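Dear colleague,

I am handing over the structure below, together with some notes on what was found in it. Please read them alongside the coordinates and tell me where you would put things otherwise.

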Amino acid sequence: EAVLAKHNNATILLMGLRRSGKSSICKVVFHDMQPLDTLYLESTTKPTTENFKSLIDLAVMELPGQLNLFEPSLYDSEKLFSSIGALVYVIDSQDEYLSALQNLAVIIKYACSVNSKLHIEVLIHKIDGLSEDFRLETQRDIMQRVGDDLLDYGLDGVQISFYLTSIFDHSIYEAFSRIVQKLIYELPALENLLDLLMQYSTLDKVFLFDVNSKIYVATDSSPVDMQTYEVCAEFIDVTIDLDGLYENSGQEADGTVRSQPTRCVSKLQSGSVLYLHQMIRGLALVAVMRLEDENDTNALAVIDHNVLVFKKSLEKLWERARIK
Ligand code: GDP
């Protein structure tokens with residue numbers, strides 16, 4: 001049953017009051033828009049859906065805040081809520097948020113009644129405007145209030161995850177990475193493979209990135225530190241730019257042009273070495289490691305070999321997933 005479920009688009013439903021930041025989040029994460037350009041976005045007036053092919057087929061559906069969720073003429077909310085994998089509710093932390101919390105409680109109550117497997121994710125958004133102390137205080141306050149509301153509804157067992165986010169830093173990508181990962185059926189297998197790769201290649205950290213969105217669909221089991229994530233995400237942009245410059249294709253002996261998988265190695269000032277290798281389905285493996293010399297061909301040959309083994313496993317995993 002779980003296998004079947006995976007083959008429908010894993011749909012993430014994005015909700016929140018008007019101006020909470022839903023369109024901005026979609027544009028920045030999935031369309032590479034510069035955060036400041038979101039200032040001029042028109043407010044959403046009708047539901048929009050974005051489809052993304054990554055390791056899983058993903059759809060992000062945005063519901064405009066000003067619509068009444070239970071307005072039957074607009075869409076079949078029962079059908080909608082029973083078909084989605086995650087509900088992401090965006091709260092503007094810079095604004096008075098009590099009405100947002102009321103709205104959220106009503107939605108959770110409804111969502112739980114039609115879909116008990118739903119992942120409920122709350123973004124405490126626009127935290128760039130809050131001081132460090134106030135962020136934590138806001139988070140505590142919101143968690144407390146949501147907890148109280150659910151208790152009133154007799155829903156105190158419902159699991160909800162909270163994330164502090166902003167489109168002006170990497171927190172929004174980190175949140176989406178964790179949200180998307182919950183929807184990937186193969187995640188434990190992937191994490192295992194990445195742990196093995198780490199072990200055999202003496203890497204410090206490894207991510208499997210969706211190149212377009214900079215969401216990481218998996219990482220090894222060591223903790224993620226924001227700075228490492230940022231460095232790796234930026235490395236993808238640099239590599240893609242270089243790739244465009246050098247036209248990533250090679251001429252075969254018989255004259256056919258063959259596309260080469262992108263591979264890139266670069267040494268940072270800190271002494272760490274960044275490594276990128278293109279995988280399948282718009283994914284890239286990005287690793288951080290320590291090498292005495294980034295031209296250490298022996299060490300790199302071992303890593304290349306192991307990464308290719310990983311890529312094969314990934315292909316198999318993907319094939320099997322599709323055949324099932
Ligand atoms: P929607 O109606 O929920 O789709 O909201 P929009 O995406 O149109 O965003 C409303 C406003 O919030 C825009 O002016 C955005 O620039 C702004 N905004 C969105 N995300 C952030 C954020 O993380 N920080 C700040 N400071 N402003 C944001």
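**The open sheet**

In this predicted model, five strands make up an open sheet with antiparallel pairing, ordered β8-β7-β13-β12-β11; strands are DSSP runs of E with at least two residues, helices are runs of H or I with at least four, both numbered from the N terminus, and two strands pair if DSSP finds at least two bridges between them. Because β8 (215-219) and β11 (263-267) are the edge strands, with a single partner strand each, one side of each has no neighbour in the sheet. On average, and ignoring direction, neighbouring strands of this sheet are turned by 25° against each other, where axes are lines fitted to C-alpha atoms, for helices over the stretch in contact, and angles run from 0 to 180 degrees between N-to-C directions.

At the β11 edge, five bridges connect this strand to the antiparallel β12 (residues 272-278), and Cys264 is found opposite Leu276 in β12. Helix α7 (residues 187-201) lies across β7 (203-210) and β8, and runs at about 145° to β7.

As for the numbering and the cut-offs, residues are counted from 1 along each chain as its sequence is written. Since the model is predicted, local features need pLDDT of at least 70 and side-chain atom pairs count only at pLDDT 80 or more, while totals for chains, interfaces and linings use all residues.

**Two helices that meet**

The axes of helix α2 (residues 22-31) and helix α6 (residues 171-181) come within 11 Å and cross at roughly 85°; the two are therefore roughly perpendicular to each other, a term used for 65 to 115 degrees. Ile25, Val28 and Val29 in α2 meet Ile172, Tyr173 and Phe176 in α6, contact being counted if the C-beta atoms of two residues, placed from the backbone, lie within 7 Å. The residues of this contact are six nonpolar, no polar and no charged, with Ala, Val, Leu, Ile, Met, Phe, Trp, Tyr, Cys and Pro taken as nonpolar, Asp, Glu, Lys and Arg as charged, and the others, Gly among them, as polar.

**Around the ligand**

Helix α2 also supplies the largest share of the shell around the ligand, three residues. Of the 21 residues in that surrounding, Gly21, Lys22, Ser23, Ser24 and Lys126 come nearest, and by class the shell has four nonpolar, 12 polar and five charged residues.

With best regards

Conventions:
Angles under 35 degrees count as roughly parallel, over 145 as roughly antiparallel, 65 to 115 as roughly perpendicular and the rest as oblique. A residue is near a molecule or strand if its C-beta atom, placed from the backbone, lies within 6 Å of it.
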